[in-house]
Amino acid sequence: MSKTGGDDLDDDFVPDDLVALSDAEDDAAAHSADGEDIAALLSADEGEAAPASTSQPDKKRKRRAKEKERKAKKRKLTEETSDVPPPSVAAQPPAMLGDYISSMQAKTFSKMSAIELADIQIPESSIADTTLWSGSRNLDQLADFITKMLPTLRTRLAQRPKANGAPTLIFIAGAALRVADVTRILRDKKLRGEKGGDVAKLFAKHIKLDEHVAFLRRTKLSAAAGTPGRLGKLLESGKCLHLISALGTSALTHIILDVSHQDAKKRNVLDIPETRDEVFKMVIGAPKVLQGIKQSKIQLVLL
């Protein structure tokens with residue numbers, strides 16, 4: 001009979017149930033001496049490995065949170081940027097404004113040659129330099145803009161006019177509602193004082209041309225605000241009626257062109273073909289107006 005060692009068990013050896021149970025109880029007693037839970041001890045011993053099972057979800061959550069934060073910052077930046085309007089073309093120096101106006105005239109008079117366009121070009125010396133203006137070019141600062149950038153105009157607006165229908169200022173705006181807003185500001189005594197004349201509100205909506213003609217011929221004006229189409233017809237009304245133009249130019253020293261204001265499609269008065277043509281053909285292109293501009297008697301101001 002051969003001898004076997006203590007570890008030489010048969011391959012199909014199965015521990016007795018009582019023996020296995022007693023071994024488990026001994027282990028439990030050893031590890032629960034202080035009343036601690038086995039699971040707690042295991043989690044403590046395996047502290048390095050426990051996060052591994054949750055690290056992947058945690059990483060996904062953190063990644064989603066960072067992505068959400070990044071999108072929020074991007075959205076906020078976009079909103080802040082969209083609230084800041086781009087610099088107005090009117091803020092450029094006279095030389096650049098002269099080029100801008102010439103390019104717009106070329107669109108209106110597309111069939112003219114370069115020599116013909118040169119004849120109607122606005123001289124740089126007749127364009128107001130408003131580059132020192134640091135405020136907005138919105139109507140809420142129009143009175144301050146005129147006071148600081150155009151002191152001569154500010155003085156003339158407060159003087160008593162001599163002739164009917166002959167303003168010192170013509171303000172060209174692209175739409176009737178804009179004209180109404182401009183008129184309210186120009187009528188403020190901050191600009192006209194106590195002696196200044198009336199301010200004409202000139203647009204075709206609801207008001208007939210002959211009604212405007214009658215009003216101008218009986219009214220002493222400091223300023224006239226209007227759409228280019230109606231202004232143009234009143235400037236040439238003398239030719240139509242064989243009389244002096246209802247809107248006179250004898251006292252005219254300044255024309256303000258409202259290029260900073262944009263419509264719902266982000267277009268200013270010179271971006272819209274119809275109003276651009278009216279500006280250059282009927283208002284600035286009116287013979288007496290163009291002559292006054294070329295002789296530096298009338299100054300063109302881009303707001």
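This tour moves through a predicted model, from its confidence profile to two buried residues.

**Confidence**

Begin by colouring the protein chain by pLDDT. The chain has a mean of 81, and 76% of its residues reach 70 or more. Select strand β1, residues 169-172, where confidence is highest at 98. Then select helix α2, residues 38-45, where confidence is lowest, with a mean of 43.

Next, extend the selection to residues 1-51. Throughout this segment pLDDT stays under 50, and the model has three contacts for the segment beyond four places in sequence.

**Ser126**

Move to the loop between α5 (114-119) and α6 (142-149), and select Ser126 within that loop. Is Ser126 buried or exposed? Its relative accessible area is 2%, which is under the 20% cut-off, so Ser126 counts as buried.

Now display what surrounds this residue. Leaving out residues up to four places away in sequence, Ser126 touches Ile293, Ser296, Ile298, Gln299 and Leu300. Add a C-alpha to C-alpha distance between Ser126 and Ile298: the value is 7.0 Å, although 172 residues separate the pair in sequence.

**His212**

Finally, select helix α10, residues 209-218, and centre on His212 within that helix. His212 is buried as well, because its relative accessible area of 4% lies under 20%.

Which residues are in contact with His212, leaving aside its neighbours within four places in sequence? Show Lys201, Leu202, Phe203 and Ile207, which precede it in numbering, together with Arg230 and Leu234, which follow it.

Terms used:
Residues are numbered from 1 along each chain as its sequence is written. This is a predicted model: local features need pLDDT of at least 70, side-chain atom pairs count only at pLDDT 80 or more; totals for chains, interfaces and linings use all residues. Side-chain values use heavy atoms; hydrogens and water are left out. pLDDT is the predictor's confidence in each residue, from 0 to 100. Helices (H or I, at least four residues) and strands (E, at least two) are DSSP runs, numbered from the N terminus. Contact means heavy atoms within 4.5 Å. Buried means under 20% relative accessible area, exposed over 50%, partly exposed in between (1.4 Å probe, protein chains only).
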